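Here is a walk through a two-chain model, strand by strand and then across the contact. Have the structure open while you read.

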Amino acid sequence: MSGKPLTIDELAHHANKVRITAMAMTHHSRLGHTGGDLSSADILTCLYLGEILNVCPDKPAWPQRDRFIMSKGHCSGAYYSTLAARGFFSPSELKTFMDPLSMLNGHPDRNKLPGIEANTGPLGHGLPIGVGVALAAKMRKESWRVFVLTGDGELQEGSNWEAAMTAQHYSLDNLVVIVDRNRIQQGDFTDNIIRMDPLADKWEAFGFAVREIDGHNYGELMRAFESVPLAPGQPTCFVARTIKGKGVSFAENKPAWHHGVPTREQLELAAKELNVELPW
Amino acid sequence: MVDTVAIPPSAAAKLFDCRDAYASALEEMAATDQRVCAVVNDSVSSTKLKNFSTKFPDRFVNVGIAEQNMVGVGAGLANGGMVPYVCGASCFLTARAMEQIKVDLGYSNWNVKLCGMSSGMAYGQLGATHHSIEDLAWTRIIPNLTVVVPADPQETDQVIRYSLEHNGPMFLRISRMAVPAVHDPLHTFTLGRAIMLHDGDDVTIITNGVLVSRALDAAKALEQQGIHARVLNMSSIKPIDADAIIHAARGTRGIVTAEEALTAGGLGGAVAEIVTLHHPAPMRILGVPGVFAPTGSAEFLLEHFHLTAQGIASAALTLFREKQ
């Protein structure tokens, strides 16, 4: 990346390219998670292309790197697109999404693709791993940080709250949890499955320094990520209010688009609405 | 038909708790290797890591009663360059965290060592909830996960020290039942290699863990009847010593396996897979036969399921006679 920070407009353009690429991948494989790809694209873009994360694509295993853990591993379309845009591997690989023997599994595999920190897919795995990475930094007196992106429905898995208790007990101020609060899970709106509110209060009660942010406002996202830890000696949680399917009119806020697959016509319409070209 | 074999009383041997050997090996390794750390689930005393926690407080993590988290934390510590020993009662560690063991350790292939303590039926009186007789079947089928069941303090010490050299996830099953020393002091543990503790060409007994000493007593009793039993300590269940198994299937009249676990999916299953594919031979699989064990002391339960020198010798004798 260049040394010059991206402008808000540039971040928006990159995020929309991530969106359309993820949708094209899902169109290609006839499988994918469009809704969450679109809700998380702005968060991922700010972390990687906004250069919040201190990572080195040429040396993905550089020991001092910041770690990002994609706990909502099903949103691999947006994740892979972002990693490719950041230079971890060639964007041409994205066209192999879920193909036989592809490096791009439906869910990320660290042993296949550079830049992946943890194999995720089953929910509730990322935060315990993130706690372990943060503890390792403390033990080794290293300054790396750990960012974990979770879904909101994912927080119904109890392992997250086990990990949250450990994070606060060990004062892991090098750990940042970002919740993609799009209010929709596979089956329905979270409110109709298991109510998650008051979500920020839950994290606060578990000992996190919490801030609710607009997960699609680049300025707000960048300011939030640049200000971690929010409190010394405490892990940080950002509850990012997002819209599932964000940026594509026919997919926005519709549970059916959790793993909806776009047709070619829908893909072209999405590109038009996002004001970006189709990747292939 | 059950054949009976008189078991001569053996001289009172000194007995050991293998957890002591494991804990002191871990402390010595941590003193010289800054990567060594421990993760427990409020199990400081049962994992015998009190000294470790005092000596290395910065490398000791107690996550509380949270096994899924505990295994995930182990994977994260490995990501951060540490070598974590994740230690807890085997019944909770394996059963509660099975998906984390599969995904975070096996599939991810992180260098994490799971120490399943007080395994088998060591918590006899506490009931089936606290028995861990399923863990061998659950762990040995997970790709990348190495599975070892040491038999005595010497082997436990060697297995723990070996685990630091081994780059990959391991499940180490460590009992709290008192056992005698069964190995020659000069013996060294080699992963994937069975240890022949008693030679014989009539019948083979393959076992591990707390049953090894009982198998040796069985072999001595059979010797008095003129039957020469080979006893293999198969501490390394995965990888398993296929050559030693095939050699036994070819060179003796059959194989008796004995394990402090369910008869399905454990050591007996692993041996049967090799025998079936390479050299079909008569077998007896001794263990807990597909039931939840009742309550009772560990010794009582071993007697109850005939996992004794008498039970092993009888099975070997029956198999030997059937083949004649």
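Let's start in chain B, where Thr146(B) stands opposite Met170(B) in β7(B). This is a predicted model, so keep that in mind throughout.

**Around β7 of chain B**

Thr146(B) isn't alone in facing that strand: Val148(B) stands opposite Leu172(B) in β7(B). Strand β6 (residues 146-148) of chain B and strand β7 (residues 170-174) of chain B run parallel, and 3 bridges join them. Strand β5 (residues 113-117) of chain B also pairs with β7(B), again in the parallel sense, over 5 bridges. Pick Leu114(B) and you'll find its bridge partner in β7(B) is Phe171(B).

How many of the residues of β7(B) are buried? It's 5 of the 5, so the strand is largely enclosed by the rest of the structure. Look at either face and you'll see cover: Met170(B), Leu172(B) and Ile174(B) are buried on one side, and Phe171(B) and Arg173(B) are buried on the other.

Zooming out, β7(B) belongs to an open sheet of 7 strands with mixed pairing, in the order β3-β2-β4-β5-β7-β6-β12 (chain B). At the edges sit β3 (60-62) and β12 (236-238) of chain B, each of which pairs on one side only. Ignoring direction, neighbouring strands of this sheet are turned by 20 degrees against each other on average.

Away from the sheet, have a look at Glu223(B), which is in helix α8 (residues 212-224) of chain B. Buried, partly exposed or exposed: which label does Glu223(B) get? With 16 C-beta neighbours inside 10 Å, Glu223(B) counts as partly exposed, because a buried residue needs 20 or more and an exposed one has 12 or fewer. From Glu223(B) to His187(B) is 36 residues in sequence and 24 Å in space, C-alpha to C-alpha.

**The sheet of chain A**

Over in chain A there is an open sheet of 5 strands, with parallel pairing and the order β1-β2-β3-β5-β4. Its edges are β1 and β4 (209-214) of chain A, each with a single partner strand, so one side of each is left without a neighbour in the sheet. The twist from one strand to the next averages 20 degrees.

Even so, both faces of strand β1 (residues 67-70) of chain A are covered. Arg67(A) and Ile69(A) are buried on one side, with Phe68(A) and Met70(A) buried on the other. Two of the pairings in this sheet are set out below.

| Strand pair | Sense | Bridges | A facing pair |
|---|---|---|---|
| β1(A) and β2(A) (residues 146-151) | parallel | 4 bridges | Arg67(A) and Val146(A) |
| β2(A) and β3(A) (residues 175-181) | parallel | 6 bridges | Thr150(A) and Val179(A) |

At the β4 end, helix α8 (residues 218-226) of chain A lies across β4 and β5 (236-241) of chain A, running at about 160 degrees to β4(A).

Then there's helix α5 (residues 159-169) of chain A, whose buried residues include Ser159(A), Asn160(A), Glu162(A) and Ala163(A). What do the buried residues of α5(A) pack against? They pack against α4, β2 and β3 of chain A, together with α3 of chain B. After α5(A) comes Ser171(A), with a positive phi near 50 degrees.

**Where the chains meet**

That brings us to the contact, which takes 26 residues from chain B and 25 residues from chain A. On the chain B side, α3 (67-79) and α5 (98-107) each supply at least two residues. The largest share of that side, 9 residues, comes from α3(B). By class, the side of chain B that touches chain A has 10 nonpolar, 12 polar and 4 charged residues.

Now for the helix pair. The axes of helix α4 (residues 126-140) of chain A and α3(B) come within 6 Å and cross at roughly 45 degrees. That makes α4(A) oblique to α3(B), and the crossing is right-handed. Among the residues that meet here are Pro128(A), Ile129(A), Gly130(A) and Val131(A) in α4(A), and Gln68(B), Asn69(B), Gly72(B) and Val73(B) in α3(B). The residues of this helix contact divide into 9 nonpolar, 8 polar and no charged.

Conventions: Residues are numbered from 1 along each chain as its sequence is written. Chains are lettered from A and ligands numbered from 1 in the order in which they are written. This is a predicted model: local features need pLDDT of at least 70, side-chain atom pairs count only at pLDDT 80 or more; totals for chains, interfaces and linings use all residues. Two strands pair if DSSP finds at least two bridges between them. Two residues are in contact if their C-beta atoms, placed from the backbone, lie within 7 Å. Ala, Val, Leu, Ile, Met, Phe, Trp, Tyr, Cys and Pro count as nonpolar, Asp, Glu, Lys and Arg as charged, and the others, Gly among them, as polar. Axes are lines fitted to C-alpha atoms, for helices over the stretch in contact, and angles run from 0 to 180 degrees between N-to-C directions. Angles under 35 degrees count as roughly parallel, over 145 as roughly antiparallel, 65 to 115 as roughly perpendicular and the rest as oblique. A crossing is left-handed if the near helix is turned anticlockwise from the far one by less than a right angle, and right-handed if clockwise.
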